[in-house]
Structure formats: C-alpha cells, structure tokens
Amino acid sequence: DSKDVGTDKDVTVTGLELAGDDADFYMLTEVVVQADITAKQLTIGGSFTVHDKVYDGTTEAEIDDNSLTLTGIVNDEDVDIDNIVAEFADAAVGGNIEVSIVSADLVGDDRANYRLSYDGSPTTTANIFAVTYTVTFSVEGSNGTLAAQVDGTAINTGDEIEEGLDVEFTATPGEGYKVKEWKLNGVVVTGHTGLTYTIEDLDDDIAVTVEFEEEVGIPEISKIEVSVYPNPSRDKFTVRSNELIESIRLVNMTGQVVIDITVEDIQTEIDVNNLHPGLFFMQIHTAKGIVTERVQVAR
C-alpha cells in the first residue's frame, strides 16, 4: 500500500489476465496479500578528523571536521547522518590512537526506511597528551645561579612539565655567598637553605625563586684549604683539600649541573674531556662546609 517500511502491509496483485479458449467463462477477482518491508541497511563512507586532547580519563573525542556520507540510499530519498559520536580506542596518554565512530543518528523525512550499520566505517587517529604544568624559576637579586632538571634533563624557566614528575632545583652561590631562602609561589620555604630543592609529584603551576646572602662568621669554612689545578685545563682538574672531600659538583654558567660525583678522599681528578670550553663553578663539598671555585675548561 506504500513504499515505506512496515509490517503486514497490503500487497495488491495487478495486471493479471485470463487466457485460453474458455477464458470467457471465468473472471478474476483482486488478490490482496500481506508482507513486510524491512529497513534498508546504510553504511558510512567518507572521512573525518578529531581534535587532539589533554588526558581526562575518558575516551571521548571531539570531531574537528568531517565529510562523512551515507552509502545505499534509494533514489533521492531524504536521509542524512547527524549527531555523530566518536571515541578513542584507549583513554591513556599516547600518540596516533585510533578513533572510531560509535553512534550517529539518521535524519530526514525518509529516515524510518533505513537502519545504520557501523561495519566498515572510516576511522582516524589523534593524540592524547599528558597534563602539564608551567614551571618558572629565577634568582632574586644576583650573586648566584639557579637551574632545574627533570629526570636528569635540564629544563628552562617557563617549560611545560608533565604532571606527576619530580622537579629538582639546584642553586649555585657565587664565591662568598650562600643560600638565604627559597620561595615557592612567593611563600618562603621555612627552614630550608640547602643548595637543592625538589618538588615531588608536580600537580600545579609553580614558581620557585632562590635568594643568596653573603657568608659571614663561618670560621670552619675559612680553615678549609682547597687547590684546583691546572686552571684553566684542557682535559682534567686535580682537586686537593686538607679536609675529606665528600662530593664535587661542576655547574655551568646557566646553572646546569654537568658533573656530580662522590669522592670520599682528600684528592681526586675531574675528567672534563666531554665538556665544551667555558667557565664553570666547582662546588667542593666537605664535612666542614662547601667551597666554590671558578674554573675554566679550555681547548
């Protein structure tokens, strides 16, 4: 009775004629039967893209652009695709993660005559980035440098650092100076005046500063005798002290720690063959204090 989808639809047989010598003795009556018209399956063709996103614990994807089409429409019937939903295959951080269409609606006057299949639908890929926070650091005033690193790799102030990582800051006072105080987001870190300061499990933007002050009234350090030779050096420095040397750090002029070794002796050698020429601060840690020497690597 119509072309649309339905059950127990009346089907009328037309165009039948009687034939044969005795046809005039008979007549045909209209034949009506019932049958179903089921929805025709449509598939999705074309392509689409989605936005990269920062990790949020879900597989939700936001479609950026699409040229998706329906395949299998009869004649010029009014049916289209809308409200398309796509999802990442995995919610974890990663690159080139597959994104698939998981749902969509058919719209248009003739939509009831069709059903949508997702078999063979196009896919795309996108990235889920880790949550990051901005890390800034600086020296208040002067008289030293401040450097930072994550997992042994130096970072610059203003870098975006992945959530959950540890950030280690290293202060290098100029000769005759020491750390006065550290500040985190403008608040003094109470009771901490060491040369290093670590933020564990980064979970927010941070701003770290360090301030130096002149060393006065420390007779123990004045008794420490340290010699570093040759200076400048092309390949190695010999370091000797009248006190047990616990460790030595070599810091470049940007505050990056380039050598950090344990010594536990009164004399040692520092191999600098792998360093670029330039000026460095050598921090010599003893049981009675820290002595900082300015050294030069030459080629």
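**Exercise 1: An open sheet**

In this predicted model, five strands form an open sheet; find the order of the strands and name the two at the edges.

*Solution.*
Step 1. Follow the sheet across: the order reads β5-β12-β10-β9-β6. The pairing in this open sheet is mixed.
Step 2. Look for strands that pair on one side only. These are β5 (53-54) and β6 (60-61), the edge strands.
Step 3. Now take the edge strand β6 and see how it joins its partner. β6 pairs with β9 (residues 80-88) over two bridges, in the antiparallel sense.
Step 4. Zoom in on one residue: Glu60 stands opposite Glu87 in β9.

**Exercise 2: The partners of β14**

Which strands pair with β14, and over how many bridges?

*Solution.*
Step 1. Start with β17 (residues 167-173). Six bridges join this strand to β14, and the two run antiparallel. You can spot Gly144 opposite Pro173 of β17.
Step 2. Turn to β15 (residues 153-155). Here three bridges link the strand to β14, again in the antiparallel sense. Gln149, for instance, has Ala154 of β15 as its bridge partner.
Step 3. Check the turn of this hairpin: two residues lie between β14 and β15, and Asp151 takes a positive phi near 50 degrees.

**Exercise 3: Covered or open?**

Is strand β14 mostly covered or mostly open?

*Solution.*
Step 1. Locate β14 at residues 144-150.
Step 2. Call a residue buried if its relative accessible area is under 20%.
Step 3. Count: five of the seven residues in β14 are buried, so with that cut-off the strand is mostly covered. Well done!

Terms used: Residues numbered from 1 in each chain as written. Predicted model: local features only at pLDDT ≥ 70, side-chain atom pairs only at ≥ 80, totals over all residues. Heavy atoms only, no water. Buried < 20%, exposed > 50% of the residue type's maximum accessible area, 1.4 Å probe, protein only. Helix = DSSP H or I, 4+ residues; strand = E, 2+ residues; numbered from the N terminus. Pairing = 2+ DSSP bridges.
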